[in-house]
Amino acid sequence: MSSTRTASLFPFLAILGAVVCLGLGTSWAKHSLFPALGAQGTTALRIGFSALFMLLLWRPWRKPPTRADLRVIACYGAALGVMNLAFYMSLRTLPFGIAVAIEFSGPLAVAIFSSRRPVDFVWVLLAACGLGLLLPLGHEVSTLDPVGVAYALAAAVCWATYIVFGKRVGHLPTGQTVSLGLAVAALVALPVGVVHAGTALLSPSLLMAGAAVAILSSAIPISLEMMALRRLPRHAFGIMISMEPAVAAILALGLLGEQLSLSQWLAIGLIVGASMGSAMTAGRSAKRAARPVLVQDGVS
């Protein structure tokens, strides 16, 4: 009973850990690396070091995937690289919380189009209401930089693509998929970063900061997300990842002293409620789906 409960909670805990690490790493990157390297150079260091660490850790060349799987991994990695680059570009002119909220429209769209049961739309509605409260409505929208919004929307499209292709290679070992995907992402981000930042990328202090940011905001979150993807339907993953805007708001309060309004706290409650509801209903669905197999095998 205890092991079953732990297994059902693991995807939720994995995604929570992923979004916390991502928020911490992104905040650190924007504060310490953006001024010296810009968004492009910061992305190059983050993705480049992440790919290097994961390749050395998992050594995916020991058991190469099939050619068909390699094509899917290439699409997965390209989406990952463009997503990171576009999101960091949006952070140059958009507040962190708003950029995350706009970017999240990608996985939310995946959740909507992948849902099949009526209860799933309840969690989608809760998450959408929460995001609506986090986004600035009314006259404040006109103050958002349109270029930054465009970059955030591009990141949203890439995030949705990343989820779709990540699920297609969910049968492969997590480390293999993540390491090869990051290698492809590095091929996308590194040339852009080198052109923009040049020799500044070779500064020892910036290299050390970039390595730390890579571990915190790429290697750990992506690995945790892939583990969750292997255990969840695509729409459940899309809804549960909605914790990210809420976690970002909480981190901003604790680390940056940003005060939240009542509507923002309500948004946090709605989004976390959608995530927890999705986790519970996904677990029940998996149990029901497993029962006929157990009966056929004579295990019941």
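This section describes the aromatic pairs, a buried acidic residue, the internal cavity and a buried serine in a predicted model.

Aromatic contacts were considered first. A pair of aromatic rings is described by the distance of the centres and the angle of the planes. In the present model, the count of such pairs comes to 6. One of these is formed by Phe104 and Trp159, whose rings are arranged edge-to-face, with 6.2 Å from centre to centre and 75° between the planes. Phe104 is located in the loop between helix 4 (96–103) and helix 5 (105–114), whereas Trp159 belongs to helix 7 (residues 146–168); the pair therefore ties together parts that are 55 residues apart in sequence. Both Phe104 and Trp159 are buried. Elsewhere in the description of the rings, Phe34, Phe87, Tyr88 and Phe96 are linked by ring pairs into a cluster.

Trp159 also takes part in the surroundings of an acidic residue, Glu244. Glu244 is found in helix 11, which spans residues 243–256. Although Glu244 is buried, no salt bridge is formed by this residue. The nearest side chain of opposite charge is that of Arg46, at 7.7 Å, and a salt bridge requires a side-chain nitrogen of Lys or Arg within 4 Å of a carboxyl oxygen of Asp or Glu. When neighbours within four places in sequence are left aside, Glu244 is in contact with Val19, Leu22, Val100 and Trp159.

Internal empty space was examined next. Rolling a probe the size of a water molecule over the atoms shows where empty space is left. A search of the whole structure finds 1 cavity of 30 Å³ or more, and the volume of the largest cavity is about 190 Å³. The lining of the largest cavity is made up of 16 residues. Of these, Leu22, Arg46, Met83, Asn84 and Glu103 lie nearest the centre of the cavity. Two or more lining residues are given by each of helix 1 (2–32), helix 3 (67–90), helix 7 and helix 9 (204–229). Helix 3 gives the most to this lining, with 5 residues. Two of the lining residues recur from the account of Glu244: Leu22 is in contact with that residue, and Arg46 carries the nearest side chain of opposite charge.

A further buried position is found in helix 5, where Ser114 lies. The relative accessible area of Ser114 is 18%, so this residue is classed as buried, the cut-off being under 20%. The C-alpha atom of Ser114 is separated by 8.8 Å from that of Ala236, although these positions lie 122 residues apart along the chain when counted as their sequence separation.

Methods: Residues numbered from 1 in each chain as written. Predicted model: local features only at pLDDT ≥ 70, side-chain atom pairs only at ≥ 80, totals over all residues. Heavy atoms only, no water. Phe/Tyr/Trp six-rings, centres within 6.5 Å; stacked < 30°, edge-to-face > 60°. Helix = DSSP H or I, 4+ residues; strand = E, 2+ residues; numbered from the N terminus. Buried < 20%, exposed > 50% of the residue type's maximum accessible area, 1.4 Å probe, protein only. Lys, Arg positive; Asp, Glu negative; His and termini not counted. Contact = heavy atoms within 4.5 Å. 1 Å grid on protein atoms, 1.4 Å probe; cavity = no way out; pocket = protein on both sides within 12 Å on 5 of 7 lines; lining within 4 Å. Points joined across faces, edges and corners; volume = space filled by probe spheres on them.
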